[in-house]
2 protein chains.
Amino acid sequence: MKRSQIALAIACALSAPLFAAAPAADEPIEVIRPPQNINLGMVELGKKLYFDPRLSKSGFISCNSCHNLSMGGTDNIPTSIGDKWQQGPINAPTVLNSSLNVAQFWDGRAADLKAQAGGPIANPGEMGFTHTLAVNVLESIPGYVREFAQVFGSGKIDIEQVTSAIAEFEKTLVTPNSRFDQWLLGKADALTAQEQVGYQLFKSSGCVACHNGAAVGGNSFQKMGVVEPYKATSPAEGRSAVTGQDIDRFSFKVPTLRNVEMTYPYFHDGAANTLTEAVDIMGRLQLGRTFNAEENASIVAFLKTLTGDQPSFTLPILAPSSDSTPRPKPF
Amino acid sequence: MKRSQIALAIACALSAPLFAAAPAADEPIEVIRPPQNINLGMVELGKKLYFDPRLSKSGFISCNSCHNLSMGGTDNIPTSIGDKWQQGPINAPTVLNSSLNVAQFWDGRAADLKAQAGGPIANPGEMGFTHTLAVNVLESIPGYVREFAQVFGSGKIDIEQVTSAIAEFEKTLVTPNSRFDQWLLGKADALTAQEQVGYQLFKSSGCVACHNGAAVGGNSFQKMGVVEPYKATSPAEGRSAVTGQDIDRFSFKVPTLRNVEMTYPYFHDGAANTLTEAVDIMGRLQLGRTFNAEENASIVAFLKTLTGDQPSFTLPILAPSSDSTPRPKPF
Ligand code: HEC
Ligand code: HEC
Ligand code: HEC
Ligand code: HEC
Ligand SMILES: [Ca+2]
Ligand SMILES: [Ca+2]
């Protein structure tokens, strides 16, 4: 760089804050930030494991079957289809931004993503496998043996490595750059007038008490049915299953509202098909407030501005099984 | 360009053929060429449809469920899992290079990829839907309505457009650049000595009579069990179901051997787990020849050189359903 160019560069760098609007610090919703401290080798390995149906007994079901990254990180059906088409007990939450959750699962029974990831593999109603069998399969596949050795520097694959890699991949599944975040970052015309009205209503009527922070939820457990009871179509009792406390009955982790446009159907039993319905129920059951059609539409319009950039990556190619790989048991 | 540079460029261009080895014109296997005359808009749309489980009754099964592009375009189980976990009657062939097939399905009952693509959507044992319902779903999704209008310039979605787009995407699923093709194109050290021995055996013992051309198969129907009958684990009788001719009983479309390392288990009933087994059976049943372990291993080593570049693309993001989208019926 010539001296004059350097001077100009410094001048620009110094003056930049004058032009860019400062993030709106006093808003209850925060901008999603791109993930940090990411181990890229673990991410690439975790991505493969996330897409690999050989972690299931049948050889047919992968994490992506129920948390489809083409569809907002969920399966868009009320309760999931598991091994042998078993009907799951509860709606599958999105994996998008799940790293921001205070804990994992509707009742928070897993502390973090790593603790969570072992669950579905060994759950008879989900992937129907065991950790030992899953590790045996991976150890029989030369492509995986090499990649685990490269990433973990150890000669032996274990379930800790498997869940660490999957969790590291999941950490990358954040969705920054939604129109709402652009607005928070100072792009005043990123939201329409109706969307801004919706956001004001979302704040003034009290939704932000539970849905706040970067994930617009995910950071507390709250009673479902504060003002009026919720007639769930599932017997799940939520947080009390973990704490054993009666006061936690029907408390659930507040779901993130990021990308909520894509994560229908809504609620832990998947009983609400549309955002209109979910917003109406929330208003009445949580706040004792009945929104008129226009108010409801404004809130829904605002919620749709929370759809961010979906994770974008090349479909992973999985290393083939070897002659010694235990074969799946589909039937 | 300066005059001297232009002269050099021309000199290089002219002299190139002197250095590059000419393709081996007298070999029974031809190089796979990248696809031509591709309509990119249709490809992008077809890719989304290929990954969209909303084309199934349950909302859970997409083309990619059974022809998983992370796993060589197949499901790697003997017979497929369909709607409600129904067991399919026959092994799912790979979609990779299926555009090179003389006809589609083991018995060739579909003339081409477009004719094929309507089948699974409406097959009660596969996606369990109907064409009308599938089109209704697509028409209710604004993202699809716009994309179909953009690609087909028509206001209305129909099943013809759906199958055309899927077929166009499938045309891109060729796998050029295998080590074998590099060798055919003159890279003499692309194959090891053992692999070259395997290829010579593959030619000299008569495999190429049926497995030839760019797909190393896919271009004729042949009896399974020429010298010795094949004891299939499935009742399928193959080509005779289409022609009604007794002579075609147990004739099947010769499968492509491209990427055969990834398309286990083998044969129309998926009964052979390993290439070693499949090569042994082929030798005995089709040619009356029993390969010793070394010969078998050489042929298997050669077959593995037929693995080409797998299709590489960004996982498609699917437009969300709207409030009016008919909901899937998973149970
Ligand atoms: C058969 C369907 C199915 C499969 C397969 C599956 N999940 Fe889930 N997943 C669910 C359901 C249902 C829940 C909610 C369970 C609950 O809260 O009790 C869930 C919860 C989660 C959560 C917690 C999200 C939150 O906000 O609480 C994460 C993270 C997750 N799954 C990741 C994975 C990973 C990683 C895999 C593969 C190793 C996987 N899932 C496989 C259905 C599935
Ligand atoms: C007292 C806490 C609380 C308040 C206030 C609240 N919510 Fe919720 N919200 C929850 C909980 C808990 C759930 C999950 C309930 C369940 O699934 O059973 C939820 C679920 C939702 C869902 C469904 C998300 C999904 O993916 O299933 C939407 C949408 C929603 N809330 C929007 C709102 C709106 C809009 C308001 C204000 C009108 C609001 N919430 C007020 C706690 C609250
Ligand atoms: C439930 C599993 C399943 C689903 C879903 C499925 N297929 Fe298939 N596919 C099969 C099976 C099994 C066959 C072989 C049937 C036969 O030959 O009789 C097949 C055959 C094919 C073939 C012929 C290949 C050849 O070499 O003959 C193509 C191409 C194909 N499918 C593409 C698709 C497309 C496109 C979709 C989605 C619209 C799809 N499949 C959905 C299982 C499935
Ligand atoms: C007379 C024709 C013919 C000859 C000769 C022949 N094949 Fe085949 N090959 C077929 C047919 C037909 C099939 C499918 C049979 C079935 O699935 O029931 C097949 C299947 C295969 C398969 C399994 C592919 C898959 O994806 O399922 C392999 C591997 C194979 N052949 C290799 C060979 C080798 C190696 C030789 C020589 C030793 C050979 N073939 C000779 C016709 C032939
Ligand atoms: Ca949901
Ligand atoms: Ca096969």
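How far does a polar side-chain atom of His268(B) lie from an oxygen atom of ligand 4, and what is that distance in Å? In this predicted model, the gap comes out at 2.6 Å. Phe267(B) also pairs up with an oxygen atom of ligand 4, this time through a backbone N or O atom at 2.8 Å. On the nitrogen side, a polar side-chain atom of His211(B) sits 2.9 Å from a nitrogen atom of the ligand.

Stepping back from those contacts, the shell around ligand 4 takes in 24 residues, with Cys207(B), Cys210(B), His211(B), His268(B) and Met282(B) the closest. Helix α11 of chain B, residues 275-287, is the top contributor, handing over six residues. As for chemistry, the shell splits into 17 nonpolar and seven polar residues, with no charged ones at all.

Now for the empty space. The model holds five cavities of 30 Å³ or more. The largest encloses about 370 Å³ and has 25 lining residues; Asn64(A), Ser65(A), Ser62(B), Asn64(B) and Ser65(B) are the ones nearest its centre. Both chains chip in here: α3 (63-66) of chain A and α3 (63-66) of chain B each put at least two residues into this lining. It's a mixed wall, made up of eleven nonpolar, twelve polar and two charged residues.

The second largest cavity has a volume of about 60 Å³. Its lining draws on chain A, with Asp75(A) and Tyr264(A) among the residues, and on chain B, including Arg54(B) and Arg327(B). By class, that lining comes to five nonpolar, four polar and three charged residues.

Terms used. Residues are numbered from 1 along each chain as its sequence is written. Chains are lettered from A and ligands numbered from 1 in the order in which they are written. This is a predicted model: local features need pLDDT of at least 70, side-chain atom pairs count only at pLDDT 80 or more; totals for chains, interfaces and linings use all residues. Side-chain values use heavy atoms; hydrogens and water are left out. On a 1 Å grid over the protein atoms alone, a cavity is a set of points where a 1.4 Å probe fits but cannot get out, and a pocket is an open set with protein on both sides within 12 Å along at least five of seven lines; lining residues have an atom within 4 Å of a point. Grid points are joined across faces, edges and corners, and a volume is the space filled by probe spheres set on the points. Helices (H or I, at least four residues) and strands (E, at least two) are DSSP runs, numbered from the N terminus. Ala, Val, Leu, Ile, Met, Phe, Trp, Tyr, Cys and Pro count as nonpolar, Asp, Glu, Lys and Arg as charged, and the others, Gly among them, as polar. A residue is near a molecule or strand if one of its heavy atoms lies within 4 Å of it. A polar contact is a pair of N or O atoms within 3.5 Å; within protein, one must be able to donate a hydrogen and the other to accept it, and residues adjacent in sequence count only if both atoms are side-chain atoms.
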